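These are my notebook entries on one structure, written as I looked things up. I begin with strands, then turn to rings, charged pairs and a few single residues.

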Amino acid sequence: MKLELRGITKRFGALTANDHIDLTIEPGQIHCLLGENGAGKSTLMNVLYGLYQADEGEILLDDVVQHFAGPGDAMAAGIGMVHQHFMLIPVFTVAENVMLGHEQTRFGGRLDLAAARRMVIEISDRFGFDVDPDAVVEELPVGVQQRVEIIKALSRDAKVLVFDEPTAVLTPQETDELMATMRQLRDGGASIVFITHKLREVREVADRITVIRLGKVVGEASPTATNEELASLMVGRAVELTVAKGAPNLGEEALTVTGLTVTDDVGTVLVDDVTFSVRGGEVLAIAGVQGNGQTELTEALVGLQPRVQGSIRLNGRELVGRSVKDILDDGVGFVPEDRSVDGLVKEFSIAENLMLDRSDGAPFVKAGTVQRGVLQSFASDKIAEFDIRTQGPDQPVGRLSGGNQQKVVLARELSRDLSLFVAAQPTRGVDVGSIEFIHKRIIATRDAGVPVVVISTELDEATALADRIMVMYRGRIVGIVPGDTPRDRLGLMMAGMTEEGATA
């Protein structure tokens, strides 16, 4: 089925998320829609799927104009979407999820679950998915859950399949399996739209590449294009993609974590007896698929987790049991994984955000009064130093792009004497150009002798920055390996395989 988007425009108030976008997806083709977070890719696909209504433009399937009032209309027309965050009911079986919203009945209105089971088996056998129709979804690995999403779309006779950032929660091996599935679907005549911002994946699987920047199509590229050429199209300028770093100048052990266990409010163990250390002048990257205890471990390091057992010592001082403020005052810099929730107050100005964790004394507060001149001068210096693109220090931080918001967080945290720097997902939702800048600052912090802990679900980022990599799986450490460990070995560890070949 041929899909064509003509002049699609979608506005949200004063923001134009999609600006007269033209796009053609041919049958039997994997067409990659490449662009940074916030470029307008997902908005465009939500228009296609009927979740949003375009303000201008039209959608055509096999040259026939379509009018989708909702996802049901899009599905009925042969469009399926595999979302980044799976649309599955965890406590339902695979067959129950596949038939949900598309129920077949027999014998006086009873659900025909047997028909759903047969469909799962037939599609699974056709594509080699090896999915049990009676398995409960929440008990399946993430990669298998994604196959369930694909089966669900194919069961509704989808001829156009949209994959929206599909590799965000997958191990490298699961990503390779997904790529193989996409090729199979393409070879079977399906039209594939692959939305991503990961250059390596684009070059590996795409037949055609369309680049979107700031809501507009800025060009097309061949799969033979280099990473640098693709990044330049995405950002609008030349970008240095490799992280330049020399060998670490290691100091003494600075951070020592021993027997750390974190539980939630009902006693579920989220971090399970974790022990590791970090030396001055070293980057330890914590890798793993999202949801394996990295977030809780990070929060424990800075005092944000209330139920912690074990020890966290920084330069000999115990951190467990101390307040977040005390820990930050001891020289711990912290970049949280969600800047919007934990890193910034969007209604405050850039200048006010830069003093958030230093608002009780010098140099910004004297006798209970904010020293506006000192703060403005400091903010102006940091805006220049960290290349924050803004109208000035008084601009509300919520009006900045994601990359510039992240630079404000970094500027605040790196602008004091540090004894430890903890950066969780430091480049999430950040453009390629800002990633380049942030990586350079992290390495500069390491080279200044500070111990650095980076938590990242982006394996390329972890390997680029790390001197050592600690892999977590289900709250435990699978292993701690050198930063140049091959991707395939790290991928096996992320799936729970220990260095000795056993399952964690």
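**Entry 1, strands.** Which residue in β16 stands opposite V262? I looked this up in what is a predicted model, and found that V308 is the residue of β16 opposite V262. I then noted the strands around this pair: β13, residues 253-263, and β16, residues 308-314, pair in the antiparallel sense over 6 bridges. I followed β16 onward and saw that β16 also pairs with strand β17, residues 317-318, again in the antiparallel sense, here over 2 bridges. For R313 I looked up the bridge partner in β17, and that partner is E318. Between the strands of this β16 and β17 hairpin there are 2 residues, and I noted that N315 in the hairpin takes a positive phi near 50°.

**Entry 2, other positive phi values.** I went on to two aspartates with positive phi. D157, in the loop between α5 (142-154) and β9 (160-164), has a phi near 60°, which is a positive value in a residue other than glycine. D273 has a positive phi as well, near 55°, and is likewise a residue other than glycine, but I found D273 in strand β14, which covers residues 269-279. I recorded D273 as partly exposed because its relative accessibility is 46%, and the range for that term runs between 20% and 50%.

**Entry 3, aromatic rings.** How many aromatic pairs does the structure hold? I have 4 written down. Among them is the pair of F12 and Y52, which is edge-to-face, with 5.4 Å centre to centre and 75° between the planes. F12 belongs to strand β1 (residues 3-12) while Y52 lies in the loop between α1 and β4, so this pair ties together parts that are 40 residues apart in sequence. I checked how open each ring residue is, and F12, at 36% relative accessibility, counts as partly exposed, as does Y52 at 31%. Together with L15 and L51, F12 and Y52 form a nonpolar patch on the surface, and the accessible area of the four comes to about 360 Å².

I next looked at F127 and F129, which form a stacked aromatic pair, 5.6 Å centre to centre and with 20° between the planes. Is F129 buried or exposed? I noted F129 as buried because its relative accessibility is 2%, and F127, at 12%, counts as buried too. F127 is in helix α4, residues 113-127, and, leaving aside neighbours within four places in sequence, F127 is in contact with L154, Q184 and L185. I also wrote down the separation of the C-alpha atoms of F127 and I151, which is 9.5 Å, although these residues are 24 places apart along the chain.

**Entry 4, charged pairs.** I reminded myself that side chains of opposite charge can pair when their charged atoms come close. The count of salt bridges in this model comes to 32. One of them joins E4 and R6, at 3.0 Å from N to O; of these two, E4 is buried with a relative accessible area of 15%, whereas R6, at 35%, counts as partly exposed.

I then took up R416 and D357, which form a salt bridge with their closest N and O atoms 3.5 Å apart. R416 lies in the loop between α14 (402-413) and β21 (420-424), and D357 in the loop between α12 (350-354) and β19 (365-366), so the pair ties together parts that are 59 residues apart in sequence. I noted that both R416 and D357 are buried.

K407 and D387 form another salt bridge, in which the closest N and O atoms are 3.7 Å apart. K407 lies in helix α14 and D387 in the loop between α13 (372-385) and α14, so parts 20 residues apart in sequence are tied together here. I marked K407 as buried, with a relative accessible area of 5%, and D387 as partly exposed at 30%.

Which residues are linked in a network of salt bridges? I listed R183, R200, E204, D460 and R487.

**Entry 5, one glutamate.** My last search was for E436, which I found in helix α15, residues 432-447. I entered E436 as buried because its relative accessibility is 16%, and the cut-off for that term is under 20%. Leaving aside neighbours within four places in sequence, I found E436 in contact with R237, V239 and E240.

Methods. Residues are numbered from 1 along each chain as its sequence is written. This is a predicted model: local features need pLDDT of at least 70, side-chain atom pairs count only at pLDDT 80 or more; totals for chains, interfaces and linings use all residues. Side-chain values use heavy atoms; hydrogens and water are left out. Helices (H or I, at least four residues) and strands (E, at least two) are DSSP runs, numbered from the N terminus. Buried means under 20% relative accessible area, exposed over 50%, partly exposed in between (1.4 Å probe, protein chains only). Contact means heavy atoms within 4.5 Å. Patches are made of residues with over 30% relative accessible area and no salt bridge: like charges are joined within 9 Å, nonpolar side chains (Val, Leu, Ile, Met, Phe, Trp, Tyr) within 5 Å. Accessible areas come from the Shrake-Rupley method with a 1.4 Å probe; for residues, only the protein chains shown count as cover. A salt bridge is a side-chain nitrogen of Lys or Arg within 4 Å of a carboxyl oxygen of Asp or Glu. Two strands pair if DSSP finds at least two bridges between them. Rings of Phe, Tyr and Trp (its six-membered ring) pair if their centres lie within 6.5 Å; planes under 30 degrees apart count as stacked, over 60 as edge-to-face and the rest as tilted.
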